[in-house]
Amino acid sequence: MTEIKELRFILKNLVRQMEATVPYAAAWVQDRVGERLLLDSREARAEALERQQGVVLTVFTGRAFMEYALNGIGTSEFCDRLTAGAEELVKTALMEGIVDVGLDIDPGVALNQDFAAAMATPPEQIPLRQKMATLKTIRDDLQIRDARVVNATVFYSHTRSRELFVNRTRSLYQELPRTQMVAQVVLREGDRTACLHGGHCYLGGYEHTYIKEEEQGRLIRDAARILTAPRLSPGMYDCIFSPDFAGIFAHEAFGHGTEADLFLERRSRGQEYLGHQVASPLVNLSDSPALPGQAASFFFDHEGRLAEETRIIENGVLKCPITDLNSALRLGLRRTPNGRRESYAHKIYARMTNTYFGPGNQNFEEMLQDIKFGYFLDHPSNGMEDPKGWGIQLEGLYAEEIREGKLTGSVFSPVIVTGYVPDLLQSITMVGPQVQISGLGMCGKGHKEWVKVSDGGPFLRLKARLG
């Protein structure tokens, strides 16, 4: 098996050769492998994930980006095919025309470095039988917690991505192992059923293969409450969002709405409000692939931009969108480390990573104190936002009643939050001190272009229309 790091020399030479004709060239190499296991009350399944391995070459003509992708790394003819691909790409660029319209790309300060996320226990060192036994223990524990459990499912997956980026000044390599564990339970009583899941995903190895006892207990408890829950009466309410619910709010509200490629297409209203107050002064919202150990973290994006935090909203003011190279170049915006591909065979877009509300100073008990009648929302299930109109809809499975400053234990399900994004953000009056991030998410552009994301925040108190 060819180590993709071995391609550094040939790619550096090809970049140099292509830049004899075009103003800018770069290359990105991917090698991703993985496995997925499932165990429930009826079946056990283990499978290897399809390997994603290939190279994409990029050139900029002064006006347009062009790319050439190919697979077959490790075959005897690969280097010849790679060289021929670079030549073909330059020919196509010449046919398009090399121009100078004042769009100059900064290749970054010189850097040649390897990065790797820590992994205490490589999953390949653990026999399949032992992995299945771990899943079986968790499944059995879930099944015996409540007689109404008709099915308990445990999912495990692990991927290991190796990535190489090369341009004129940079040669960067990173290894990103990710381990995900999910438990799902189905409870039935009479003709009613409830399904609920929980879990986590982190950078790292087999050391993350667990579902904590308290998580299992909470999963069964909340599923049991949802099982018999009626629907709530629609209306405007004082609400407290859990960290998970705050996360889906962050993702939908000003995650998608500040992906700057939407600015180029005039599909985001956020472009008109940069530098303006769009939220309560208590609100800080960030996107950062630099968070240690989180599922959507990395060391550099697919365009060689080193990981760092982007403060999207600061003290309620919309400060900075998230960009890829193309959108930053054309709009004159600061580049952020958000140029991401689903794979070497897919296009670059401006994409979220770990998106989250920042911490505040009020604890959960303070948020509850003066709520006469409202709801605590948890277990989000889906969300959508219209970046152009700023309408938002968040769906969840759990709304617990608050009366006279106390949780009553009365639960309603499902629950839908609707509204205008700035109205919801400006209604935030309290923000909790501890940020919690969930790494179970995947995010697409529309119905495709899937990348790993995570989201979260602290507890938030706000007013929202519920249905």
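# Notebook: helices, rings, cysteines and backbone exceptions

I began with P414, which I located in the loop between β18 (406–412) and β19 (415–420). The model is a predicted one, and I kept that in mind throughout. The peptide bond that joins S413 and P414 is cis, with omega at about -10 degrees.

**Entry: positive phi values**

I next looked up backbone angles. H379 is not a glycine, yet I found a positive phi of about 55 degrees for this residue. I placed H379 in strand β16 (residues 373–386). Its relative accessible area is 7%, so I recorded H379 as buried.

E449 is another residue other than glycine with a positive phi, here near 60 degrees. I placed E449 in strand β23 (residues 448–452). With a relative accessible area of 8%, E449 is buried.

A glycine also entered the list: G97, just after α2, takes a positive phi of about 110 degrees.

**Entry: helix α2**

That glycine led me to the helix before it. Helix α2 covers residues 78–96, and I checked its length: at 1.5 Å a residue, its 19 residues should span 27 Å, and the end C-alpha atoms are 27 Å apart, which agrees. I then asked which residues of α2 are buried. They are F78, L82, G85, A86, L89, V90 and A93. Viewed down the axis of α2, these buried residues fall within an arc of 130 degrees, so they line one face of the helix. On the other side of α2 I noted D80, K91 and M95 as exposed. The cover over the buried residues of α2 includes α1 (8–18), β3 (52–60) and β4 (65–70).

**Entry: helix α3**

I repeated the check on helix α3 (residues 128–143). Its 16 residues should span 22 Å at 1.5 Å a residue, and I found 22 Å between the end C-alpha atoms, in agreement. The buried residues here are K131, M132, L135, I138, R139 and L142. Seen down the axis of α3, they fall within an arc of 125 degrees and therefore line one face of the helix. I listed what covers them: the cover includes β1 (24–39), β2 (44–48), β6, β7 (170–189) and α4.

I also looked up L128, which belongs to helix α3. At a relative accessible area of 46%, L128 is partly exposed. Leaving aside residues up to four places away in sequence, L128 touches L37 and A46. L128 and L37 are 91 residues apart in sequence, while their C-alpha atoms are 9.3 Å apart in space.

**Entry: aromatic rings**

How many aromatic pairs does the model hold? I recorded a count of 17. In the pair of F60 and F65, the ring centres are 4.6 Å apart and the planes stand at 35 degrees, so I classed the pair as tilted. F60 has 0% relative accessibility and counts as buried, whereas F65, at 24%, counts as partly exposed.

Y156 and Y206 form an edge-to-face pair, with 6.1 Å from centre to centre and 70 degrees between the planes. Y156 lies in strand β6 (residues 149–167) and Y206 in the loop between β8 (192–203) and α4 (213–227), so this pair ties together parts that are 50 residues apart in sequence. I noted both Y156 and Y206 as buried.

I further recorded that Y237, F373, Y375 and F412 form one aromatic cluster.

**Entry: lysines over rings**

I then looked for charges over ring faces. K5 lies over the face of Y173, at 4.8 Å from the ring centre. K347 lies over the face of Y349, and the distance to the ring centre is 4.4 Å.

**Entry: cysteines**

My last search was for disulfides, and the count came to zero. C320 is in no disulfide: I found its nearest cysteine sulfur, that of C443, 18 Å away, against a cut-off of 2.5 Å. C320 is buried, its relative accessible area being 11%. C443 is likewise in no disulfide, and its nearest cysteine sulfur, that of C201, is 15 Å away. The relative accessible area of C443 is 4%, so I recorded C443 as buried.

Terms used
Residues numbered from 1 in each chain as written. Predicted model: local features only at pLDDT ≥ 70, side-chain atom pairs only at ≥ 80, totals over all residues. Heavy atoms only, no water. Helix = DSSP H or I, 4+ residues; strand = E, 2+ residues; numbered from the N terminus. Expected span 1.5 Å × (residues − 1). Buried < 20%, exposed > 50% of the residue type's maximum accessible area, 1.4 Å probe, protein only. Arc of directions from axis to C-beta. Contact = heavy atoms within 4.5 Å. Phe/Tyr/Trp six-rings, centres within 6.5 Å; stacked < 30°, edge-to-face > 60°. Lys NZ or Arg CZ within 6 Å of the ring centre and 35° of its normal.
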